[in-house]
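Subject: Structure handover

Dear colleague,

I am passing on the structure below, together with notes on what was found in it. Please read the notes with the coordinates open beside you.

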Amino acid sequence: MTKILMVCLGNICRSPLAEGILQFKAETSKIQVDSAGMESYHVGELPDERSIQVAEENLVDITNQRARKFQLTDFDDYNIIYAMDKFVYKKIIEKAPSNEAKEKVKLILNEVFSDENLDVPDPYYDSIFAFRNVYKMLDEACDSILQNLK
Ligand code: 4NP
């Protein structure tokens, strides 16, 4: 069993999509996916309605998700922790209690563009088109993740 955690800032736009897409594509109980945010503004909320919409357009249902904050125990509970951007990556690394914990943290787009350290742009203050762009990036990243886990 590989346990994967997707992390963004609010856990309502990007990481719920990453969680939903990877779980949908995995089609196996050998991979368990969850998501979390580094900030607590939206804890307990459903994903952003625009994330729900673009997921639905791709037949992925993310309405079972509720936002939660990243917690220290996540370093023990997950094998891989994917940050959506460099700011989030830095925030997670700052909390890491050990080198072993730090090594679990990766930038998700490095799965597609190795070592380029690209960000999944925060779409919160943007339009539905930005959410569709985020979906496309995460869709590719999740394909690579599954390929690399084989
Ligand atoms: P996310 O997007 O990190 O992809 O969930 C955001 C959602 C909310 C806020 C920022 C980013 N916010 O400032 O409330």
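Leucine 5 is a residue of strand 1, which covers residues 2-8, and because its relative accessible area is 0%, under the 20% cut-off, leucine 5 counts as buried. Its C-alpha atom lies 8.1 Å from that of asparagine 79, although 74 residues separate leucine 5 and asparagine 79 along the chain. Please keep in mind throughout that this is a predicted model.

A contrasting pair in terms of sequence and space is glutamate 94 and cysteine 142, which stand 48 residues apart in sequence and whose C-alpha atoms are 25 Å apart. Glutamate 94 belongs to helix 4, residues 86-95, and with a relative accessible area of 58%, over the 50% cut-off, glutamate 94 is therefore classed as exposed.

The ligand comes next. It sits in the largest pocket, and the residues around it are Cys8, Leu9, Gly10, Asn11, Ile12, Cys13, Arg14, Tyr41, His42, Asp122, Tyr124 and Tyr125. Sorted by character, this shell consists of seven nonpolar, three polar and two charged residues. Which parts of the protein offer polar atoms to the oxygen atoms of the ligand? A polar backbone atom of asparagine 11 is 3.3 Å from a ligand oxygen atom, a polar backbone atom of isoleucine 12 is 3.0 Å from a ligand oxygen atom, and in the case of arginine 14 an N or O atom of the side chain is 2.8 Å from an oxygen atom of the ligand. As for the surface of the ligand, it would expose 360 Å² if taken alone, and the protein buries 91% of that.

Asparagine 11, whose backbone is described above, also takes part in a contact within the protein: its side chain and the side chain of serine 15 are joined by a polar contact of 2.9 Å. Serine 15 is located in helix 1, residues 14-26, and, since its relative accessible area is 0% and the cut-off is 20%, serine 15 is buried.

A second side-chain pair involves aspartate 74, a residue of helix 3, whose side chain makes a polar contact of 3.0 Å with the side chain of arginine 68. Is aspartate 74 buried or exposed? Aspartate 74 is buried, with a relative accessible area of 1%.

Finally, two residues deserve a look for their backbone angles. Most residues other than glycine have a negative phi. Leucine 59, however, has a positive phi, near 65 degrees, and is not a glycine; it is placed in the loop that runs between helix 2 (49-57) and helix 3 (74-77). Aspartate 115, again a residue that is not a glycine, has a positive phi of about 65 degrees, and its place is in the loop between strand 4 (105-107) and helix 6 (128-149). Where accessibility is concerned, leucine 59 is exposed, with a relative accessible area of 71%, and aspartate 115 counts as exposed at 69% relative accessibility.

With kind regards

Key:
Residues are numbered from 1 along each chain as its sequence is written. This is a predicted model: local features need pLDDT of at least 70, side-chain atom pairs count only at pLDDT 80 or more; totals for chains, interfaces and linings use all residues. Side-chain values use heavy atoms; hydrogens and water are left out. A residue is near a molecule or strand if one of its heavy atoms lies within 4 Å of it. A polar contact is a pair of N or O atoms within 3.5 Å; within protein, one must be able to donate a hydrogen and the other to accept it, and residues adjacent in sequence count only if both atoms are side-chain atoms. Accessible areas come from the Shrake-Rupley method with a 1.4 Å probe; for residues, only the protein chains shown count as cover. On a 1 Å grid over the protein atoms alone, a cavity is a set of points where a 1.4 Å probe fits but cannot get out, and a pocket is an open set with protein on both sides within 12 Å along at least five of seven lines; lining residues have an atom within 4 Å of a point. A molecule sits in a cavity or pocket if more than half of its atoms lie within 2 Å of its grid points. Ala, Val, Leu, Ile, Met, Phe, Trp, Tyr, Cys and Pro count as nonpolar, Asp, Glu, Lys and Arg as charged, and the others, Gly among them, as polar. Helices (H or I, at least four residues) and strands (E, at least two) are DSSP runs, numbered from the N terminus. Buried means under 20% relative accessible area, exposed over 50%, partly exposed in between (1.4 Å probe, protein chains only).
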